[in-house]
Amino acid sequence: MNNKLIEQYKIEAFKHYKKKDYLTAIDYYEKIIGLGFESSNLYNNLGICHFKIQSNYQALIYFSKAIQINAEKNNDDIYCNIVMAYTDLKRFKEGIIICKEGLTHFPNSNILYNLLGNLYMYILRSDLAEESFLKAIEL
């Protein structure tokens, strides 16, 4: 693995992401993967770029990959991102499942509880939505 090239590509990807040039950022992230480097942050960033260009199915693939290789379960952002992609696709029940999974790893994540409340509102379960929102406020 060429660590120097990987670092250069990471810098370029981030630079293009900041400029909202998501397609170029995607190219750099994919080049990094092509060099054999993988991390949950890399796949999460790639998912975010796809989400930003409304390529939600691709975003779901990369967010799912980020969750799979995030062995430490130390990043609730990944769960939030995948839930937002499911929400955009109006796949609320899948979003609820992922949100609940995230909460098993991050029981004090008020963001995940807020997202869960929103998802329950979409499926007209105001009782469960209220419960989730109250839990978010408690935290």
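**Note on the core and two loop residues**

1. K90 sits in the loop between α5 and α6. The model is a predicted one, and in it K90 has a phi of about 65°, positive although the residue is not a glycine. Most residues other than glycine have a negative phi. K90 counts as exposed, because its relative accessibility is 60% and the cut-off for exposed is over 50%.

2. K20 can be read alongside K90. K20 belongs to the loop between α1 and α2, and its phi is near 65°, again a positive value in a residue other than glycine. The relative accessible area of K20 is 62%, so this residue is exposed.

3. Turning to the interior, the largest nonpolar core contains 41 residues. Y29, I82, V83, C99 and L112 are the members with the most contacts inside this core. At least two core residues come from each of α1 (3-18), α2 (22-34), α3 (40-52), α4 (56-69), α5 (76-88), α6 (92-105), α7 (110-122) and α8 (126-138). α5 gives the largest share, with seven residues.

4. I82 deserves a separate look. I82 is among the residues with the most contacts inside the core. Which residues does I82 contact, leaving aside its neighbours within four places in sequence? They are L60, F63, S64, I67 and I98.

Technical notes. Residues are numbered from 1 along each chain as its sequence is written. This is a predicted model: local features need pLDDT of at least 70, side-chain atom pairs count only at pLDDT 80 or more; totals for chains, interfaces and linings use all residues. Side-chain values use heavy atoms; hydrogens and water are left out. A nonpolar core is a set of buried Ala, Val, Leu, Ile, Met, Phe, Trp, Tyr and Cys residues joined through side-chain atoms within 4.5 Å. Buried means under 20% relative accessible area, exposed over 50%, partly exposed in between (1.4 Å probe, protein chains only). Helices (H or I, at least four residues) and strands (E, at least two) are DSSP runs, numbered from the N terminus. Contact means heavy atoms within 4.5 Å.
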